[in-house]
Amino acid sequence: MTELDKKQIGVPVPADWAYARLQERYGHFVGGDWLEPAETYTTISPATEEPLAEVGQATPEEVDRAVAAARAAFENGWSGLAASERAKYLFRIARILQERAREFAVLESLNGGKPIKESRDVDLPLAAAHFFYYAGWADKLEYAFPNRRPHPIGVAGQIIPWNFPLLMLAWKIAPALAAGNTVVLKPAETTPLTALLFADVLRQAELPAGVVNLLTGDGRTGAALVEHPGVDKIAFTGSTEVGKAIQRQLAGSGKRLTLELGGKAANIVFDDAALDQAVEGIVNGIYFNQGHVCCAGSRLFVQESIYEPLVEKLRRRLETLRVGDPLDKNTDVGAINSAQQLAKIRELVASGEEEGAQIYQPPCRLPEKGYWFVPTVFTEVAQSYRIAQEEIFGPVLSVLTFRTPEEALEKANNTPYGLSAGVWTEKGSRILWMAQRLRAGVVWANTFNRFDPTSPFGGYKESGFGREGGLHGLEPYLRFDE
Ligand code: NAI
Ligand code: MG
């Protein structure tokens, strides 16, 4: 038996599809009811390419109906409701998400390809935590923003990506409702199913009709929502390219906008860091969720004196990662979300090899069907290479080196992005020195990819503007009489 066989053996423990309770076909959720879609497409499992369900591709007319439903709900009750009543709905939603966590986790992994242990232990608890957190603020806005007299804005149009479908929905919907707005949300075209299941949570929570409307569809639906004159605020998470297009489109319209876009985070390891811990943080930083993470630690900067032992430890750790069935509880790295994303990863990886970087991939047996990419490390990477500059959004790490803290800082900040960064050192003063100078919205110290609803998240430069999470996350959904 080869080492590879030994690694791949072990009893597979896939979660049961039945928990997901799939319907054959879904409509749009508009005004508290299901709207039969005029056009549909098939959503699939990226791990098997099997069709899962038919979902709607919302047309401009359907966008118009959803915006009208949101406007009516805003004006006929929701914005005037006692804030403590609004809070009750948010608490209910949070509790129902906890109660139905298994159903949601299985559906999330089935439709998006992420390992069940991540959807179960990260996405679901954090989604519920966001609703709990913002429920707590709903009736305390005047204390949160003293002397500023906060009011809701109106109808929020929200467009989210496919990497954390339910979690991004929670990040968007919870603060919008806590602030007294109504919502039209569009999930990404490859991962519509947990948003559609969320409609059932809203029904169970008895949220008034039209307060949250859910439309599925691709970028055409998103563009129609952005353009719609009845929308007061757009919140977008996705590619920098589309973010820029939205900003151009909205210029002069008076609509409010927040953008959470890409990243190319530096994860910086100094020679005094606890190496084994750092290796865990590096692995979590780039291979968590197949690297489909806007704040992923995709550029590793290692101090020269520890370069060899660190890279050796990293390679050995990579050999233990299990790639495969997202529904198997032992899986560490699941399926790539779509054929389109896989093609993008392959193209960038090929550019790394052509430009002269050294590629390392552990031995790994991939399933025959579905979209997969072996966890990859590039060494001998120059700063000018595309793999050091562009967001790959896949399980691919580029390793670079530095000698002094100043050099680490200069290289880390040499990027058009500025979403997150990580620093590994035992020296507290160095952590503070780096954190003050890194141009990144979030800086982690001796950890990576940690999230909490109380902590604001967002970017600098081409990573976007506006913050989600914490008190900062309420501000984009409020106007003030100052
Ligand atoms: P995308 O930006 O096209 O998609 C994100 C969302 O925007 C989806 O819901 C999509 O339907 C919608 N959308 C697309 N075009 C639109 C338009 N013109 N107007 C309004 N909404 C529109 O991202 P895509 O193509 O899925 O991924 C491309 C790259 O973007 C990835 O490889 C990755 O580098 C980056 N990305 C970053 C994300 C982040 O979390 N910051 C999330 C997803 C992708
Ligand atoms: Mg796109």
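**A guide through the predicted structure**

Three helices, α9 (219-227), α10 (240-250) and α13 (339-355), each supply at least two residues of the shell around ligand 1. The model in which this arrangement appears is a predicted one. Of the elements that contribute to the shell around ligand 1, helix α9 gives the most, with four residues. In total, 26 residues surround the ligand, and the closest are P161, G219, G222, G238 and S239. By character, the shell divides into twelve nonpolar, eight polar and six charged residues.

From the ligand, the reader may turn to the interior of the protein. The largest nonpolar core comprises 90 residues, and those with the most contacts inside it are L90, L97, F131 and A178. Helix α7, which spans residues 165-178, gives the most to this core, with eleven residues. The surroundings of F131 illustrate how parts of the chain meet there: leaving aside residues up to four places away in sequence, F131 touches L90, I93, A94, L97, A170 and A174. Another core lies apart from this one; it has 63 residues, including L318, A335, F373 and F393.

Helix α8 offers a view of a single covered element. This helix, formed by residues 193-204, has twelve residues and reaches 17 Å from its first C-alpha to its last, close to the 16 Å expected at 1.5 Å a residue. Nine of the twelve residues of α8 are buried, and the helix is thus mostly covered. The buried residues are L193, T194, A195, L196, L197, F198, A199, V201 and L202. An α-helix has 3.6 residues a turn, so residues three or four places apart point the same way. Just after α8, E206 takes a positive phi of about 60°.

Strand β6, residues 155-159, is also mostly covered, with five of its five residues buried. In a regular strand the side chains alternate between the two faces of the sheet. For β6 both faces are covered: V155, G157 and I159 are buried on one side, and A156 and Q158 are buried on the other. Five bridges join β6 to strand β7 (residues 182-186), and the two strands run parallel. Within this pair, I159 stands opposite K186 of β7.

A contrasting pairing is found between strand β3 (residues 40-44) and strand β4 (residues 51-56), which are antiparallel and are joined over five bridges. Here T42 has E54 in β4 as its bridge partner. The hairpin of β3 and β4 has six residues between the strands, and in this hairpin E49 takes a positive phi near 65°.

Two further residues with positive phi deserve attention. Q290, although not a glycine, has a positive phi of about 60°. Its location is the loop between α11 (275-287) and β12 (299-303). Q290 counts as buried because it has 34 C-beta neighbours inside 10 Å, and 20 or more are required for that class. N446, likewise a residue other than glycine, has a positive phi near 55°. This residue is placed in the loop between β17 (442-445) and β18 (464-465). Because 15 other C-beta atoms lie within 10 Å, N446 is partly exposed.

Terms used. Residues numbered from 1 in each chain as written. Chains lettered and ligands numbered in written order. Predicted model: local features only at pLDDT ≥ 70, side-chain atom pairs only at ≥ 80, totals over all residues. Core = buried A, V, L, I, M, F, W, Y, C linked by C-beta atoms within 7 Å. Contact = placed C-beta atoms within 7 Å. Near = placed C-beta within 6 Å. Nonpolar A, V, L, I, M, F, W, Y, C, P; charged D, E, K, R; others polar. Expected span 1.5 Å × (residues − 1). Pairing = 2+ DSSP bridges.
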